[in-house]
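Trainee: I'm new to this one. Could you walk me through it?

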Amino acid sequence: MKILVIGASGRVGGKLVEQLLDDNHQVIGTTRQDKQLFDNSNYSQLDLDLTANKDEIQKQMDDDIEAVYFVAGSGGKDILEVDLHGAVKTMQAAQDKGIQRYIMLSSVYSMDTSKWDNPAIAELKEYYIGKHYADNWLVNDSTLDYTIVQPGALKERAGTGKIAINTNEAGENSIEDVAATLAAVLNADNASKKVFHMQNGDTEIKQAIANL
Ligand SMILES: NC(=O)c1ccc[n+]([C@@H]2O[C@H](COP(=O)([O-])OP(=O)(O)OC[C@H]3O[C@@H](n4cnc5c(N)ncnc54)[C@H](OP(=O)(O)O)[C@@H]3O)[C@@H](O)[C@H]2O)c1
């Protein structure tokens, strides 16, 4: 498949691109950096700025893209423009181009406002608000064939290939396992129109997705 990865230079994005290339997909990765991120004949790169207007973003999307991943984020620096409006513009652009499959990297509790007043995550409240309304646009206002993956804390440690789904605890995640899970939902029929939380666990990723 020809796949657009928005945020290919990120910690998750980089691992996701590697996994998708290993799976023999053709990948277009986005970054505002000049340097070529991957040296692979199935990889090409796009300088896409999420603060650009929706029409400009749409013009940058090739007609034959079959799936879009959104794994970008402002790191709390520009939540409205990037994590919220930036994300929604990519959904609108994908939908208007006739691209159906859209996979969003979100965060645990993005859909559960009752958790946001917990003092342990209070400083992330504005981030959660941004992700909440972006995720809700995808679920309620788009016709896209979405999957929303909601990990807890991202950790730079080796993947185990095993996760737990929908435990309703924040938990930690190896970035490699998050990338592997994002790659695995691409063609999983039962991941379509699903929102799920993930963390490190004991179930093989493929099995955990099959159990959704
Ligand atoms: N940190 C956590 O513990 C955690 C937990 C759960 C979920 N998440 C979610 O996971 C996401 C990815 O995390 P990460 O650590 O992989 O992120 P990261 O390493 O900070 O990467 C951020 C990505 O977003 C892109 N980006 C930022 N601003 C942009 C803009 N204006 N236009 C286009 N691209 C832009 C960057 O591209 P450039 O190369 O152009 O800068 C980069 O590819 C987070 O944003 C968050 O939503 C994080």
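Mentor: Sure. One thing before we count anything: Ala, Val, Leu, Ile, Met, Phe, Trp, Tyr, Cys and Pro count as nonpolar, Asp, Glu, Lys and Arg as charged, and the others, Gly among them, as polar. Also keep in mind that this is a predicted model.

Trainee: Okay, how do the residues of the shell around the ligand divide into nonpolar, polar and charged?

Mentor: The ligand has 24 residues around it, and Ser-9, Gly-10, Arg-32, Ala-72 and Gly-73 are the closest. Sorted by those classes, the shell comes out as 10 nonpolar, 11 polar and 3 charged.

Trainee: Which element gives the most to that shell?

Mentor: Look for elements that give two or more residues: those are β7 (153–155) and α1 (11–22). The top contributor gives 3 residues, and that's α1.

Trainee: Now the sheet. Which strands stand at the edges?

Mentor: It's an open sheet of 9 strands with mixed pairing, and the order reads β3-β2-β1-β4-β5-β6-β10-β8-β11. A strand at the edge has a single partner, so one side of it is left without a neighbour in the sheet. That describes β3 (43–46) and β11 (203–204).

Trainee: In what sense do β6 and β10 pair, parallel or antiparallel?

Mentor: Find Ile-148, which stands opposite Val-195 in β10. Strand β6 covers residues 145–151 and β10 covers 194–200, and their 5 bridges are parallel.

Trainee: What angle does the direction of helix α5 make with that of β6?

Mentor: Helix α5 (residues 175–185) packs on the sheet, where it touches β4, β5, β6, β8 (162–165) and β10. Its direction against that of β6 comes to about 165°.

Terms used. Residues numbered from 1 in each chain as written. Predicted model: local features only at pLDDT ≥ 70, side-chain atom pairs only at ≥ 80, totals over all residues. Near = placed C-beta within 6 Å. Helix = DSSP H or I, 4+ residues; strand = E, 2+ residues; numbered from the N terminus. Pairing = 2+ DSSP bridges. Contact = placed C-beta atoms within 7 Å. Axes fitted to C-alpha atoms, helices over the stretch in contact; angles between N-to-C directions.
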